[in-house]
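User: I'd like to learn how to read a structure like this one, feature by feature. Could you take me through it?

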There are 2 protein chains.
Amino acid sequence: MAQKETVERILDAASVLFAERGYAETSLRTITTAAGVNLASVNYHFGSKKALIQAVFARTLDPFCQQLSENLNKLKGSDQVEALFRCLFSTLMETVAAKPGLNQAEQVIELQRFMRLLGMAYTQSQGHLRRFIVSQYGDLYRRFLNLLRDTLPGINPVDFYWQLYFLLGATVFTLSSIDSIQGIIEDNFSEHSGVERALELLIPTLSRMMQIPAVDSSTPAAD
Amino acid sequence: MAQKETVERILDAASVLFAERGYAETSLRTITTAAGVNLASVNYHFGSKKALIQAVFARTLDPFCQQLSENLNKLKGSDQVEALFRCLFSTLMETVAAKPGLNQAEQVIELQRFMRLLGMAYTQSQGHLRRFIVSQYGDLYRRFLNLLRDTLPGINPVDFYWQLYFLLGATVFTLSSIDSIQGIIEDNFSEHSGVERALELLIPTLSRMMQIPAVDSSTPAAD
DNA sequence: GTCTATAACGCGATAGAC
DNA sequence: GTCTATCGCGTTATAGAC
């Protein structure tokens with residue numbers, strides 16, 4: 001039974017290595033060696049390196065999106081910005097980080113790994129991966145966006161988009177680097193600061209970001 | 001005289017291609033072909049691919065950091081968060097974007113290119129580049145950080161670091177994707193939304209982000 | 001299904017003529 | 001300072017024995 005799990009071994013090794021080095025910088029040789037499987041097995045089981053990259057993503061994103069969809073259903077009626085973010089991040093924690101048998105430090109690493117993979121899907125030139133994500137998960141993304149917009153009834157729709165990207169960048173960047181930020185903080189202040197602290201700070205900060213104070217006079221709103 | 005500029009031609013082509021595809025994904029063959037110079041000339045003029053990557057960075061960061069240092073001197077005495085961000089971004093615009101002979105659309109591309117290069121220096125596994133940047137420009141970075149912290153006297157130092165990364169992510173991510181965000185906005189709202197709009201939105205948003213409302217009761221402060 | 005061996009190719013870097 | 005030619009290596013992918 002130590003053999004049947006070849007596919008899982010490859011996925012495990014690949015997600016770790018992709019997150020550490022990026023997609024282009026990680027060779028199939030490195031992955032198969034780390035996984036303790038044969039070099040040829042990636043092409044046998046997945047067909048190509050690109051298909052492996054997509055499979056790594058789907059393994060995490062499928063359960064996350066399914067759970068998020070359910071959690072959003074329960075939320076219906078609520079109109080708090082913070083509640084939406086809280087729903088998003090708690091889904092992230094329960095599906096991505098809180099895998100059985102992981103202690104808290106390992107959960108952080110798991111979360112960070114996924115955020116790095118996600119960030120690099122946009123940062124690196126992996127057009128096939130962006131297309132894959134949009135085609136597979138675009139509906140849920142748009143649904144979340146609409147819910148978020150509905151909680152901010154007075155917002156200028158164009159400003160909303162800009163704010164949205166501010167928000168996205170803050171989240172992905174921070175959660176991607178969470179262990180190095182923790183390290184800097186511990187070095188400088190001899191104080192541990194965990195993910196839960198970061199998220200408890202991030203959620204109100206994102207909510208504060210989205211609150212546009214007053215319409216700036218210079219650009220009249222479109223009608 | 002069309003020859004002496006080989007070094008410049010290489011730097012121009014390299015910064016465009018690195019920003020588009022990343023460092024690992026861009027070969028010297030691609031760069032030299034785009035630049036219309038010989039394959040061997042990169043190794044002749046720069047010594048190695050790594051040295052070329054660093055040179056691409058230095059060409060933009062040197063003037064930016066020098067100008068920022070001067071602009072911060074003029075600012076001394078002011079204690080507004082917004083003034084600091086405004087100084088940072090106006091320096092960015094005047095040294096990175098506003099090169100002679102560029103129209104506004106070209107300036108956006110120039111700015112975006114630099115932000116992408118900067119983001120990828122951290123995202124991709126380019127340890128030599130991070131070390132280069134820290135060693136060359138670390139002093140100014142720390143100086144800016146201290147000024148920023150001084151404008152927020154009541155802030156919890158640990159929270160300050162987390163907020164700082166939220167801020168960094170929002171900025172780099174947004175300015176890296178500025179043309180695609182503009183494209184989405186124009187498709188959906190038939191309304192042009194330029195960088196100046198994004199920056200006018202970003203500056204108060206970042207300032208708002210940094211303002212911690214009140215200490216949350218649940219986590220007692222370390223003494 | 002898994003292995004070894006290798007094909008087919010692209011890479012960074014360099015030697016040496018000009 | 002610029003060229004051609006090529007070395008040496010690492011890559012993805014595949015063919016074929018087991």
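Analyst: We'll go from the fold of one chain to its domains, then to the chain interface and a few single residues. Keep in mind throughout that this is a predicted model.

User: Let's start with the fold. How many helices and strands does chain A have?

Analyst: Begin with the element count and then the order. Chain A has 10 helices and 0 strands, and from the N terminus its elements read α-α-α-α-α-α-α-α-α-α. For overall dimensions, the C-alpha trace of chain A spans about 65 × 45 × 35 Å along its principal axes.

User: What share of the residues of chain A counts as buried?

Analyst: Chain A has 223 residues, and 48% of them count as buried. On the outside, chain A has an accessible surface of about 10900 Å², with 53% of it belonging to carbon and sulfur atoms.

User: And how do I read contacts against sequence separation?

Analyst: Look at how the contacts split by distance along the chain. Taking the contacts in chain A with a separation of 6 or more, 68% are between residues 24 or more positions apart.

User: How far apart are the mean positions of the positive and negative charges of chain A?

Analyst: You average each set of charges and compare the two points. Chain A has 20 positive and 23 negative charges, and their mean positions are 9 Å apart.

User: On to domains. Which domains does the assignment give for chain A?

Analyst: There are domain 1 (1-47) and domain 2 (59-210) in the assignment for chain A. Their contact takes 12 residues from domain 1 of chain A and 9 residues from domain 2 of chain A. As for spacing, the C-alpha centres of these two domains of chain A lie 27 Å apart.

User: How should I express the size of that interface?

Analyst: The general idea is that interface size is often given as the accessible area lost when the parts come together. Here, domain 1 and domain 2 of chain A bury about 870 Å² between them, 54% of it on carbon and sulfur atoms. On the domain 1 side of chain A, A:Ser15, A:Ala19 and A:Tyr23 supply 60% of the area buried against domain 2, more than any other three residues.

User: How much area do chain B and chain A bury between them?

Analyst: Apply the idea again, now between chains. Chain B and chain A bury about 4400 Å² between them, and 69% of that is on carbon and sulfur atoms. The top three residues on the chain B side are B:Trp162, B:Phe166 and B:Arg208, which supply 17% of the area chain B buries against chain A, more than any other three residues. In contact terms, 46 residues of chain B touch 47 residues of chain A.

User: Now backbone angles. What is notable about phi of A:Ser190?

Analyst: Check the sign of phi and then the residue type. A:Ser190 has phi near 50 degrees, a positive value in a residue other than glycine. A:Ser190 sits in the loop between α9 (178-189) and α10 (195-210) of chain A. In chain B, B:Ser190 also isn't a glycine, yet has a positive phi of about 45 degrees, and B:Ser190 is in the loop between α9 (178-189) and α10 (195-210) of chain B.

User: Is B:Ser190 buried or exposed?

Analyst: The cut-off for exposed is over 50% relative accessible area. B:Ser190 has 69%, so it counts as exposed. A:Ser190 is exposed too, at 71%.

User: Why does A:Ala35 count as buried?

Analyst: Buried means under 20%. A:Ala35 counts as buried because its relative accessibility is 5%. This residue is in helix α2 (residues 28-35) of chain A. Beyond its neighbours within four places in sequence, A:Ala35 is in contact with A:Arg9, A:Ile10 and A:Ala13.

User: Which helix holds A:Thr33, and is that residue buried or exposed?

Analyst: A:Thr33 also lies in helix α2 of chain A, but A:Thr33 is exposed, with a relative accessible area of 62%. Sequence and space can be compared here as well: A:Thr33 and A:Ala13 are 20 residues apart along the chain, with their C-alpha atoms separated by 9.0 Å.

User: What about something in between, like B:Ser27?

Analyst: B:Ser27 counts as partly exposed because its relative accessibility is 30%. You'll find B:Ser27 in the loop between α1 (6-21) and α2 (28-35) of chain B.

Terms used. Residues are numbered from 1 along each chain as its sequence is written. Chains are lettered from A and ligands numbered from 1 in the order in which they are written. This is a predicted model: local features need pLDDT of at least 70, side-chain atom pairs count only at pLDDT 80 or more; totals for chains, interfaces and linings use all residues. Side-chain values use heavy atoms; hydrogens and water are left out. Helices (H or I, at least four residues) and strands (E, at least two) are DSSP runs, numbered from the N terminus. Buried means under 20% relative accessible area, exposed over 50%, partly exposed in between (1.4 Å probe, protein chains only). Contact means heavy atoms within 4.5 Å. Accessible areas come from the Shrake-Rupley method with a 1.4 Å probe; for residues, only the protein chains shown count as cover. Lys and Arg count as positive and Asp and Glu as negative; His and the chain ends are not counted. The place of a charge is taken as NZ of Lys, CZ of Arg, CG of Asp or CD of Glu. Domain bounds come from an automatic or database domain assignment. Buried area is the accessible area (1.4 Å probe) that two parts lose on being put together, summed over both.
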